[in-house]
Amino acid sequence: MASLLRWLLPRFTSNFTIPGTPRKLKMNSADLPELFQPPVNRSMQTLDRSFFRKSVPLAAATVLDLKEITNVRKQLERSGDILRLSPIRPLRDDDQVPGAKCFLLSPHVDANAPETWSPILSQLVDNKSAMLRPFTLTLTYDDWTMHNILEAILPDVPEDEKETPAGFAQVGHVAHVNLRTPYLPYKHLIGQVLLDKNPNVTTVINKTFDVGTESVFRTFPYEVLAGPDDLDVVVHEAGCEFRFNFGKVYWNSRLGTEHARIFESFKEGEAVCDVMAGVGPFAVPAGKGKVFVRANDLNPDCYTSLSDAIKRNKVDEFVMASCDDGRKFIRKATMELAQTPRKVILKPKVKVSRKASVEERKAAEEAASKSARTLEEPTSFDHYVMNLPATAIEFLDAFKGVYHNRQTEFAPHTTRKLPFIHLYLFQAKLATEEEECREICERISQYIGTEVKSTDPELEMSVRYVRLVAPKKKMYCASFRIPAATAFAEP
């Protein structure tokens with residue numbers, strides 16, 4: 001009992017690790033023991049990988065009988081003596097005993113101090129299932145994570161400016177960062193570390209201005225920090241493939257969930273007007289769901305990539321691309337839809353054996369044709385998507401009179417309701433979300449020309465927080481039906 005207490009006491013007084021329930025640490029853990037942290041050099045200007053070599057004194061439990069490996073591992077894990085640090089492998093070939101294996105042990109174990117051994121470890125040694133010896137673990141640049149290395153080489157900065165460059169976004173093979181001023185002298189060093197530590201990244205860039213401040217197309221000037229200046233990327237989202245030049249179009253990989261939330265609300269056979277479509281993250285997946293989409297973007301490069309995505313993902317029967325001003329497109333697409341709705345014949349896939357005869361194949365095709373169904377595009381839209389947060393709200397005036405003299409097509413004359421508008425916009429951060437939502441309604445009312453209230457049952461309005469884009473700026477999505485007073489007004 002005395003030996004058990006001697007073993008337990010230092011654990012409860014140091015890090016409160018309970019034997020039998022050891023917690024596995026990762027190299028980038030905030031509480032990584034100093035013993036395993038990399039050497040620090042905050043004056044490094046050119047990456048010197050050889051600098052990050054460190055010898056860590058540990059103990060190892062050598063197992064001579066390889067049949068006992070599984071049993072010894074279980075015992076060491078139960079006692080909490082085995083080294084649990086990802087991605088360091090605890091089981092090694094023993095370089096001092098040919099043919100034997102050894103387990104690296106936790107730093108609290110001293111091979112030459114039995115009082116640091118747990119009862120289980122002592123028992124393994126006593127019955128000769130294992131023998132303890134000192135072991136030097138050599139850690140190198142390859143063992144530490146990107147976070148470890150950056151923490152060791154970047155300067156200490158004021159807390160309000162401390163935003164680790166490890167928080168990059170990735171688009172295809174490109175990693176892009178927004179480096180704050182204190183980190184700019186280290187930009188190429190940061191780029192090389194990001195390149196080294198992320199196998200799927202071959203180019204690292206730094207945005208030199210915020211998106212939208214310099215270009216109506218939401219593109220940005222950039223500088224290459226590491227790798228070739230190659231921004232032609234391939235991105236997969238929602239089961240679709242998109243190819244584009246990241247320097248010429250807008251794409252945000254963090255918005256995949258938000259894209260899905262909108263296009264998954266569309267129903268088969270509905271009609272959607274995607275006013276600021278980009279390369280098609282709403283339009284193309286919607287087309288796969290057999291939704292009719294008329295998609296538009298003013299940026300010619302977006303239009304080119306959108307057209308490619310439509311063909312590449314085989315949704316050309318459902319998705320049409322345009323390159324026009326958004327305000328003009330709202331009215332034009334609405335008119336064209338009323339005049340020339342589309343029809344798509346849906347045939348089930350023909351399944352026949354490879355050994356089937358010509359007659360059998362022909363019969364299968366005829367059967368498929370008989371079970372085909374026709375999907376007709378409605379003559380009015382069910383949804384308008386306006387994904388241009390900086391300025392989309394300014395386009396709401398285009399909806400004035402967009403369904404003028406068409407009142408009989410909608411409720412209460414029919415069961416069809418006026419279309420939804422899904423409007424993305426930036427909103428200044430206020431004291432509460434309730435205040436922010438109230439201000440959003442006021443702003444929408446100003447631009448759409450009719451009072452819009454979230455409590456109006458006919459509008460079925462929802463205002464949803466999407467993300468924080470700056471410390472004092474949020475992104476929201478306001479979804480609401482076009483007010484009748486706007487839709488049927490005199491243009």
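## Working through the sheet and its surroundings

Seven strands make up an open sheet with mixed pairing, running in the order β15-β14-β13-β18-β19-β21-β20. Keep in mind that this is a predicted model. Here are some exercises to get to know it.

**Exercise 1.** Work out which strands stand at the edges of the sheet, and why one side of each is left without a neighbour.

*Solution.* Start with the strand order, β15-β14-β13-β18-β19-β21-β20. Now look at its two ends: β15 (319-322) and β20 (462-470) are the edge strands. Each has a single partner strand, so one side of each has no neighbour in the sheet. While you're looking along the sheet, note the twist, which averages 20 degrees from one strand to the next.

**Exercise 2.** Find out in which sense β13 and β14 pair, and over how many bridges.

*Solution.* First, a reminder: strands in a sheet pair through backbone hydrogen bonds, in either a parallel or an antiparallel way. Next, go to β13, residues 271-274. Its pairing with β14 is parallel and has four bridges. For one residue pair to look at, take C273, whose bridge partner in β14 is R294.

**Exercise 3.** Name the strands touched by helix α6 and those that helix α9 lies across.

*Solution.* Take α6 (residues 256-263) to begin with: this helix packs on the sheet and touches β18, β19, β20 and β21 (473-481). Its direction makes about 150 degrees with that of β19. Then move to α9 (residues 326-339), which lies across β13, β14, β15 and β18. Helix α9 runs at about 150 degrees to β14.

**Exercise 4.** UniProt's unreviewed entry gives a "binding site" feature that includes L298 and N387. For each of these two, decide: buried or partly exposed?

*Solution.* Step one is to place them. L298 is in the loop between β14 (292-296) and α8 (300-312), while N387 is in the loop between β18 (383-386) and β19 (420-428).

Step two is the accessible area. Buried means under 20% and exposed means over 50%, with partly exposed in between. L298 has a relative accessible area of 40%, so it counts as partly exposed. N387 has 9%, so it is buried.

Step three is to check the contacts, leaving aside neighbours within four places in sequence. L298 is in contact with F217, C323, D324 and D325. One of these, D325, is also listed in that UniProt feature. N387 is in contact with R218, M276, F282, Y424 and M475.

Key:
Residues numbered from 1 in each chain as written. Predicted model: local features only at pLDDT ≥ 70, side-chain atom pairs only at ≥ 80, totals over all residues. Heavy atoms only, no water. UniProt positions renumbered as here; feature names shortened; annotations may be inferred. Buried < 20%, exposed > 50% of the residue type's maximum accessible area, 1.4 Å probe, protein only. Contact = heavy atoms within 4.5 Å. Pairing = 2+ DSSP bridges. Axes fitted to C-alpha atoms, helices over the stretch in contact; angles between N-to-C directions.
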